[in-house]
Amino acid sequence: MPFEGSYLWRLRQKVGSDLVLFPGAMVFLVRADGAVLFTRRADNGMWCLPAGGAEEGGSFGATAVTELREETGVVVDPADLVGFACLSDADLHTITYPGGDVTHCFALLFLARRWSGDPRPDGEETTEVRWADPAAPPSPLEPPAAHAVDLYRAYLRDGTFQVR
């Protein structure tokens, strides 16, 4: 969904640029060979993972499914999502946007190994998609995405939900 008209946009009309706590979700689409789908952002050209903020009436799972579909065209059944970590560290996930808006993002990270559709950029939020080994992600990688990749690799090593 474009920013204008979104829940966060409507909230910004009321609170201006003040800090907003914002829930969201990020998805690691994982092929059988272990490669993960990365997307290149249209706004800054950096690589990241399909992700976004929740809308009113949504959930973490619904946000993950919606963002993945909007950014890559891939459809995942919410039942096929596996939660493996969360992002919340204020030092890493507080973002000041060019217009001065400040957002502290809290996100659940999901992996999905089953989906339908062929990944493709949407041309609005994403300009390119690329499968890559999480040990060698594309560059430049956004810092929140780099942190998420570290959490994913830790999850693969020990199999426990990651909170760091």
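## F22 and its aromatic partner

In this predicted model, F22 counts as buried because its relative accessibility is 9%, which falls under the 20% limit for that class. Y7, by contrast, has a relative accessibility of 29% and therefore counts as partly exposed.

The structure holds 6 aromatic pairs, and F22 and Y7 make up one of them: their ring centres lie 6.4 Å apart with the planes at 5°, so this pair is stacked. Since Y7 belongs to helix 1 and F22 to strand 1, the pair ties together parts of the chain that are 15 residues apart in sequence.

## The start of helix 1

Helix 1 covers residues 7-15, and S6 lies in the segment before it. S6 is buried, with a relative accessible area of 5%, and its side chain reaches the backbone nitrogen of W9 at a distance of 3.2 Å.

## Strand 1 and its neighbours

Strand 1 runs from residue 20 to residue 29, and 8 of its 10 residues are buried, so the strand is largely enclosed by the rest of the structure. It is joined to strand 7, residues 102-112, by 10 bridges, and these two strands run parallel; within this pairing, V27 has F110 of strand 7 as its bridge partner.

Strand 1 is also joined to strand 4, residues 51-53, in this case by 3 bridges and with the strands running antiparallel. Here M26 stands opposite A51 of strand 4.

## F28, F84 and an aromatic cluster

For the rings of F28 and F84, the centres are 5.3 Å apart and the planes meet at 85°, so the pair is edge-to-face. F28 lies in strand 1 and F84 in strand 5, which spans residues 81-87, so this pair ties together parts that are 56 residues apart in sequence.

Both F28 and F84 are buried, and together with Y152 and Y155 they form one aromatic cluster.

## Nonpolar cores

The largest nonpolar core has 22 residues, and those with the most contacts inside it are F28, F38, L49, F84 and L109. The elements that give two or more residues to this core are strand 1, strand 2 (36-41), strand 3 (47-48), strand 5, strand 7 and helix 4 (143-158). Helix 4 gives the most, with 6 residues. Apart from this core lies another, of 12 residues, including A25, L29, V76 and F110.

When its neighbours within four places in sequence are left aside, F38 is in contact with a set of residues that includes W47, C48 and L49, as well as E128, V129, R130 and A132. Also among the contacts of F38 are P137, P138, L141 and V149.

## The open sheet of strands 3, 2 and 8

An open sheet of 3 strands has the order 3-2-8, and its pairing is antiparallel. Strand 3 and strand 8, the latter covering residues 126-132, stand at the edges with a single partner strand each, so one side of each is left without a neighbour in the sheet.

Strand 2 and strand 3 pair in the antiparallel sense over 2 bridges, and R40 has W47 of strand 3 as its bridge partner. W47 is also one of the residues in contact with F38.

Methods. Residues numbered from 1 in each chain as written. Predicted model: local features only at pLDDT ≥ 70, side-chain atom pairs only at ≥ 80, totals over all residues. Heavy atoms only, no water. Buried < 20%, exposed > 50% of the residue type's maximum accessible area, 1.4 Å probe, protein only. Helix = DSSP H or I, 4+ residues; strand = E, 2+ residues; numbered from the N terminus. Pairing = 2+ DSSP bridges. Polar contact = N/O pair within 3.5 Å; in protein donor to acceptor, adjacent residues only side chain to side chain. Phe/Tyr/Trp six-rings, centres within 6.5 Å; stacked < 30°, edge-to-face > 60°. Core = buried A, V, L, I, M, F, W, Y, C linked by side-chain atoms within 4.5 Å. Contact = heavy atoms within 4.5 Å.
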